[in-house]
Amino acid sequence: AHLIAQNDAAIPAQLARQSHDRSKPTFGGIPAENGLYHAGSASGFLCSLTAAYVSPSSRYAGSPQLLQALDDAATFLLAAQHEDGTIDLLTTNFHSPPDTGFVLEWVCAAASVLQRAQIPAAAPVLQKLLTFIRRGADGQRARIDEGEVLLGTLVERGSGKDAGAADAEPAADEARAAAEEAALDAAAGADVEDDAAGSWAQAAA
């Protein structure tokens, strides 16, 4: 109950920061502390709204205003997502699989909570979130496949003789590490994890 009340208290300020100008690419998003609108800040905002919307003890339970804000945030997420399923961390990383994985964790949790709540009015929002998740998961898997192909090529080249093999080994190790990291990111974000989403839903209930 304390967590719900604390979340409720923060919502008015969050809603006031959400972009409502449909003519701008920031529409539906919320600025991060550095003033930039990106998928990471939008996914956290979306989770806060979802917790309040589905929680019977929240004063925002079933609120049409929150539902519209959720829909706008989901619209922003889809607009911020590249064709390959990745998103940008605007300060440093572009078309970033790791940052996509972080955002997917939040979006998967919110989608799981909305699925379990089974609120018909929220179905359009849920469909947008599931679309974002599918695209992101496909993008992560594609990056893993690319890493495996690169790894295979480097290993094949590294199996040669003399200095060529020695020179190829560090590159092959680097590619293997990159592929493993991408796989972990995809596993963390691509599937709706029952344990993580379940504990988040319990906090929201």
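**View 1. Leu-90 sits in the loop between strand E1 (87-89) and strand E2 (93-96).** This is a predicted model, like everything in the views that follow. With a relative accessibility of 34%, Leu-90 counts as partly exposed, because that label covers the range between 20% and 50%. Leu-90 also has company: together with Leu-36 and Phe-94 it makes up a nonpolar patch on the surface. The accessible area of the three combined comes to about 260 Å².

**View 2. Here's the whole chain, for orientation.** Walk along from the N terminus and the elements go α-α-α-β-β-α-α-α-α, so to speak a tally of seven helices and two strands. Of the 205 residues, 46% count as buried. Contacts reach a good way along the sequence: taking those with a separation of 6 or more, 67% are between residues 24 or more positions apart. On the outside, the chain exposes about 10600 Å², and 55% of that comes from carbon and sulfur atoms.

**View 3. Now for the largest nonpolar core, a set of 37 residues.** Leu-46, Leu-49, Leu-66, Leu-77 and Leu-129 are the ones with the most contacts inside this core. At least two core residues come from each of helix H1 (2-17), helix H2 (39-54), helix H3 (64-80), helix H4 (97-117) and helix H5 (123-158). H2 chips in the largest share, with nine residues. As a general backdrop, nonpolar side chains tend to be buried together in soluble globular proteins.

**View 4. Zoom in on Leu-46 and its contacts from further along the sequence.** Skip the neighbours within four places in sequence, and Leu-46 is in contact with Leu-70, Ala-73, Ala-74 and Leu-77. Ala-110 and Leu-129 are on that list of contacts too.

**View 5. Leu-15 is a residue of helix H1.** Its relative accessible area is 10%, so Leu-15 is buried, the cut-off being under 20%. Which residues does Leu-15 touch, not counting those up to four places away in sequence? They are His-20, Phe-45, Leu-49, Gln-65, Leu-66 and Ala-69. Take Phe-45: although Leu-15 and Phe-45 are 30 residues apart along the chain, their C-alpha atoms are separated by 9.0 Å.

**View 6. Last stop is Ser-63, in the loop between H2 and H3.** Loop or not, Ser-63 counts as buried because its relative accessibility is 13%, and buried means under 20%. What does the side chain of Ser-63 reach at 3.2 Å? That would be the backbone nitrogen of Gln-65.

Definitions and conventions: Residues are numbered from 1 along each chain as its sequence is written. This is a predicted model: local features need pLDDT of at least 70, side-chain atom pairs count only at pLDDT 80 or more; totals for chains, interfaces and linings use all residues. Side-chain values use heavy atoms; hydrogens and water are left out. A nonpolar core is a set of buried Ala, Val, Leu, Ile, Met, Phe, Trp, Tyr and Cys residues joined through side-chain atoms within 4.5 Å. Buried means under 20% relative accessible area, exposed over 50%, partly exposed in between (1.4 Å probe, protein chains only). Helices (H or I, at least four residues) and strands (E, at least two) are DSSP runs, numbered from the N terminus. Contact means heavy atoms within 4.5 Å. A polar contact is a pair of N or O atoms within 3.5 Å; within protein, one must be able to donate a hydrogen and the other to accept it, and residues adjacent in sequence count only if both atoms are side-chain atoms. Patches are made of residues with over 30% relative accessible area and no salt bridge: like charges are joined within 9 Å, nonpolar side chains (Val, Leu, Ile, Met, Phe, Trp, Tyr) within 5 Å. Accessible areas come from the Shrake-Rupley method with a 1.4 Å probe; for residues, only the protein chains shown count as cover. A salt bridge is a side-chain nitrogen of Lys or Arg within 4 Å of a carboxyl oxygen of Asp or Glu.
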